[in-house]
Amino acid sequence: MRLHHLDCGTMCPFARRLIQGDGHLFETGTLVCHCLLIETDAHGLVLIDTGFGTADLADPARRLGPARHLLRWNQDPLGTAVARIRALGHRPEDVRHVVLTHLDLDHAGGLADFPKAKVHLLAAEHDAALRPQTAAERRRYRSAQWAHGPDWATYEPAGEAWKGFPAVRQLDGLPPELLLVPLTGHTRGHAGVAVAAADGTDAWTLHAGDAYFFHGRLAREPWAPAGIAAFERLAALDRGAMEANRERLRELRARDEGVHIFCAHDPVELAAAAARA
Ligand SMILES: [Zn+2]
């Protein structure tokens with residue numbers, strides 16, 4: 001399996017200093033939508049998260065709602081997953097599977113660009129987005145992003161453990177080298193996606209989605225800029241669960257067991273991941 005690390009939606013929020021911990025307050029910051037494209041031998045292309053999509057470009061007000069004023073996506077047509085996949089020389093139709101960390105608008109926006117793909121996620125996340133139970137859930141999810149009717153495959157969180165985390169070990173139609181790792185807290189059914197190295201070693205790549213937002217969170221002395229810390233709290237459905245999972249990720253990183261962990265929105269982690277790939 002060959003991995004590509006893609007930014008499928010650059011965002012330019014205000015107050016760089018509060019977002020990235022450097023630069024000035026009056027500069028804009030940079031956040032990315034870090035997606036993974038996996039070339040497999042027998043299962044076509046697999047896309048982990050979809051960032052923003054072409055339909056979001058056409059109608060950002062309806063598709064993204066008021067959150068777009070906070071996130072400030074740059075709306076670059078060449079920055080969508082479908083454009084990035086074409087730029088790599090692949091056909092978007094060959095994306096047969098999409099695996100989602102969750103259904104927030106900056107992760108699900110590109111779903112409609114892959115209408116034939118099977119879309120894998122935790123059942124709790126599917127429920128939260130399609131049958132929201134609270135005002136906060138009704139606000140955060142954008143049903144227009146799945147109005148085309150994706151071919152969902154949903155999973156309960158039970159399964160054989162992986163590195164001390166519960167894990168869904170077998171995804172429908174996908175090889176066992178791909179796992180869904182429940183990391184709830186940010187949303188009801190938020191998950192990471194783990195991908196085993198193709199070389200037979202016990203090395204893994206873990207896309208941790210929005211389990212944390214800044215590389216300093218996994219440092220030995222964890223920290224995050226004030227704006228990021230505030231956003232993490234604001235966007236978390238269950239702060240306690242989110243903090244507990246973040247601590248477990250930090251411990252996993254510290255144990256140095258060959259798991260390459262990154263989150264969805266940190267440009268520093270994306271640059272490092274692209275360099276090592
Ligand atoms: Zn996000």
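Select H97 and K118: K118 in β5 is the bridge partner of H97. This is a predicted model, where local features need pLDDT of at least 70, side-chain atom pairs count only at pLDDT 80 or more, and totals for chains, interfaces and linings use all residues. Residues are numbered from 1 along each chain as its sequence is written. Helices (H or I, at least four residues) and strands (E, at least two) are DSSP runs, numbered from the N terminus.

Widen the selection to β4 (95–99) and β5 (118–122). The two run parallel, joined by 3 bridges. Strands pair if DSSP finds at least two bridges between them.

Add β3, residues 45–48. β3 and β4 pair in the parallel sense, over 4 bridges. Here V95 in β4 is the bridge partner of L45.

Stay on β4. In this strand, 4 of 5 residues are buried. Buried means 20 or more other C-beta atoms within 10 Å of the residue's own; exposed means 12 or fewer, partly exposed in between, with C-beta atoms placed from the backbone.

Next, select α10, residues 239–255. Pick out M242, N245, R246 and L249, which are buried. They lie on the same side of α10, because they cover an arc of only 105 degrees around the axis. That arc is taken from the directions from the helix axis to the C-beta atoms.

Show β10 (259–262) as well: the buried residues of α10 pack against β10. Contact requires C-beta atoms, placed from the backbone, within 7 Å.

Turn to the other side of α10 for G240, E251, A254 and R255, which are exposed. Finish at D256, just after α10, with a positive phi of about 55 degrees.

Conventions. The expected span of a helix is 1.5 Å times one less than its number of residues. Two residues are in contact if their C-beta atoms, placed from the backbone, lie within 7 Å.
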